[in-house]
Structure formats: C-alpha cells, structure tokens
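Me: I would like to learn how to read the features of a structure such as this one, going from helix packing through the nonpolar cores to single residues. Could you take me through them in turn?

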Amino acid sequence: MNQSLYALQSGRGPQTIVLLHGFGGCHGLWRPVQETLATNARVLAYDLPGHGGSLGWPEAGPAKIAVRAILADLTQRGIERFHLAGHSMGGAIAALMALAEPSRIASLALLAPGGFGEEINGRLLRRYAAAISEAEVRTCLESMIGWPNPVPEETVRTLVEMRRRAGQTEKLVEIAASITHDERQGIIAREKLAGLPMPVSVAWGLLDGVLPVHQANGLPPLFGLHRIAGAGHMLPEEKPELVTEIIRRTMR
C-alpha cells in the first residue's frame with residue numbers, strides 16, 4: 001500500500017478550489033463539477049485517506065487524520081489559501097479543516113455534511129462499504145439517490161473500478177464500522193461552527209436517506225442554506241450544475 005495523498009488537479013486561475021468526496025467515493029465522482037469549475041480556477045479533487053489513490057495513507061479513517069493530511073498536502077503544494085467544498089464525510093472533514101485553520105479557507109460549501117447530527121444510516125453505509133459488483137454498488141446508490149433521479153452509470157463504473165484496488169473493500173468496511181457506531185456519528189459543535197469567519201453554504205437534499213435533512217435545522221444565522229427538492233444524499237452526482245453554482249456563489 002502506498003503512503004501518498006492523491007489529488008487530481010485541473011484548470012488555472014487566480015483562485016484555488018479544493019473538493020472532498022464522501023465516504024466510499026473518490027475524486028472521480030466530482031468530474032462534472034470539477035470540469036466546470038476548472039474553466040476559471042485551479043481545482044484539486046482529493047482522494048480522502050483510505051480511498052482510491054490515497055488508500056495506503058497511514059491510520060486512515062478518523063476525520064482528524066484526513067484534516068491534517070490534506071492541510072499538510074496543500075502546504076506542500078504551496079497553496080496557502082483556498083475555497084473548500086465537501087460532501088458527506090468530506091463535508092465533515094471540510095468543516096473541521098475550517099475550524100483548524102480558518103485563515104486559509106476563503107469560502108466553505110458543505111453538501112449534506114457529516115457531523116451535523118447524531119443520526120446516520122449506518123446499515124446502508126456498511127452495505128455500501130462491502131459492495132463490490134456493479135449490481136451491489138447500484139443497489140446501494142438507489143437508496144442514496146433521490147428517487148426521481150436515475151443512478152448515473154458513470155458513478156457505478158467509477159466506484160466499481162475503485163474497489164478493484166487490493167485492500168480497498170476491507171479498508172472501507174473498517175472505516176464504516178468506525179463512523180457508524182451504534183447507528184450514531186460524532187457531532188461538530190454548532191457554537192464552534194458559528195464562529196467561522198468565511199462565507200459558508202450548506203446544501204441538503206430533502207430526500208436524503210443517509211443523513212436526515214432536519215440536521216440542517218438550527219444552523220448559524222450567517223450560513224446560507226439550500227434545501228434541494230427531489231434530491232437525495234449524493235448531491236454532486238444528482239445535481240452537479242446546482243452544486244457548481246452553490247460553490248461559485250459561496251466564493252463571491
């Protein structure tokens with residue numbers, strides 16, 4: 001197993017945007033969003049520790065490990081200030097990065113972020129972690145994606161290809177067990193989030209079957225909130241154009 005952190009970089013421009021995927025995903029799930037954002041910005045889509053090209057990162061799994069790893073990697077790349085967007089587990093990591101080094105984050109877009117409430121569909125995430133075949137992955141995605149939206153075949157292929165890496169499925173099963181203890185997840189204190197100095201947007205699908213949309217209630221008053229009708233949990237895959245627009249609006 002390797003011990004490097006992978007990020008796909010594309011585009012050029014005066015601003016840098018960092019994208020963090022959710023549990024069990026990889027950088028490739030951001031492709032439509034990244035391609036559009038990269039028309040006028042430098043964009044880095046990471047593989048989180050324990051996922052894809054970052055599978056071999058030491059002690060991968062806990063959010064604090066990912067926070068330190070990504071911040072250090074950006075420093076090594078000479079990127080001191082950047083816009084940040086994260087989905088699900090990547091949203092929790094993004095929020096914790098902003099709390100750890102707020103002066104580096106120019107804006108923060110959180111898409112159905114983890115850590116905003118105790119409830120989590122651990123049973124579904126554990127099935128998703130263990131899914132290997134196209135049929136298994138597709139079945140899990142059907143429960144994650146809002147029912148009006150089709151399961152993107154490109155997403156299925158990307159996830160199946162990722163899971164072909166030796167040790168990937170075992171690592172996902174391990175991470176899923178650690179983040180869904182007793183069907184609960186860790187919570188990020190709202191009073192800490194309220195002190196964030198950068199513009200913050202939160203988006204949530206009304207049909208989210210992984211993290212209930214009511215976790216978006218009671219956000220700090222300066223946060224921008226987008227409740228998205230007809231969308232489930234997989235916002236970057238279901239609504240890439242809207243997600244791109246939310247990121248761009250948050251950057252202004």
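Reply: Let us begin with helix packing, for which one needs to know that an axis is a line fitted to C-alpha atoms, for helices over the stretch in contact, and that angles run from 0 to 180 degrees between N-to-C directions. Please keep in mind throughout that this is a predicted model.

Me: At roughly what angle do the axes of α4 and α7 cross?

Reply: The axes of helix α4 (residues 122-130) and α7 cross at roughly 165°, and they come within 8 Å. Angles over 145 degrees count as roughly antiparallel, so α4 is roughly antiparallel to α7. The contact is made by L125, R126, A129 and A130 on the α4 side, and by T169, L172, V173 and A176 on the α7 side.

Me: Is the crossing of α4 and α7 left-handed or right-handed?

Reply: The crossing of these two helices, α4 and α7, is left-handed.

Me: How is the pair α5 and α6 to be read, and at roughly what angle do their axes cross?

Reply: Here the general idea is that angles which are neither roughly parallel, roughly antiparallel nor roughly perpendicular count as oblique. The axes of helix α5 (residues 134-144) and helix α6 (residues 153-162) cross at roughly 125° and come within 9 Å, which makes α5 oblique to α6. The crossing of α5 past α6 is right-handed, and the residues that make the contact are E134, V137, R138 and L141 of α5 together with E153, T155, V156, R157, L159 and V160 of α6.

Me: Which residues have the most contacts inside the largest nonpolar core?

Reply: A nonpolar core is a set of buried residues of certain nonpolar types, joined through side-chain atoms within 4.5 Å. In this model the largest such core has 63 residues, and those with the most contacts inside it are L20, M97, L108 and L141. Helix α3 (residues 89-100) gives the largest share of this core, with 7 residues. Apart from it lies another core of 20 residues, among which are A109, L111, V243 and I246. As for L141, if one leaves aside its neighbours within four places in sequence, L141 is in contact with Y128, V151, T155, V156, L159 and M234.

Me: Polar and charged residues may call for a separate reading; is K171 buried or exposed?

Reply: The reading rests on relative accessible area, with buried meaning under 20%. K171, which is found in helix α7 (residues 168-179), has a relative accessible area of 13% and is therefore buried. A polar atom of the K171 side chain lies 2.9 Å from the backbone oxygen of A60, and K171 touches G50, L55 and A60, not counting residues up to four places away in sequence. E237, in helix α9 (residues 235-238), also counts as buried, because its relative accessibility is 11%. Apart from residues up to four places away in sequence, E237 touches L29, P152 and T155.

Me: What does the side chain of T180 make a polar contact with?

Reply: T180 is placed in the loop between α7 and α8 (190-193) and is buried, with a relative accessible area of 2%. The side chain of T180 makes a polar contact of 2.9 Å with the side chain of R126, and, residues up to four places away in sequence not being counted, T180 touches I120, G122, L125 and R126.

Me: Where is S107, and which side chain is joined to that of S107 by a polar contact?

Reply: S107 is in strand β5, where it is buried at a relative accessible area of 2%, and a polar contact of 2.7 Å joins its side chain to that of H83. Not counting residues up to four places away in sequence, S107 touches F82, H83, L84, M198, P199, T250 and M251. Separation in sequence and separation in space are both worth reading: S107 and R138 are 31 residues apart in sequence and 33 Å apart in space, C-alpha to C-alpha.

Me: To finish with the backbone, what sign of phi does S88 have?

Reply: S88 has a positive phi of about 55°, although this residue is not a glycine. S88 lies in the loop between β4 (82-87) and α3, and counts as buried at 10% relative accessibility. A112 has a positive phi of about 45° and is not a glycine either; its place is in the loop between β5 (105-111) and α4, where A112 is buried, with a relative accessible area of 0%.

Conventions. Residues numbered from 1 in each chain as written. Predicted model: local features only at pLDDT ≥ 70, side-chain atom pairs only at ≥ 80, totals over all residues. Heavy atoms only, no water. Helix = DSSP H or I, 4+ residues; strand = E, 2+ residues; numbered from the N terminus. Buried < 20%, exposed > 50% of the residue type's maximum accessible area, 1.4 Å probe, protein only. Polar contact = N/O pair within 3.5 Å; in protein donor to acceptor, adjacent residues only side chain to side chain. Contact = heavy atoms within 4.5 Å. Parallel < 35°, antiparallel > 145°, perpendicular 65-115°, else oblique. Left-handed = near helix turned anticlockwise from the far one by under 90°.
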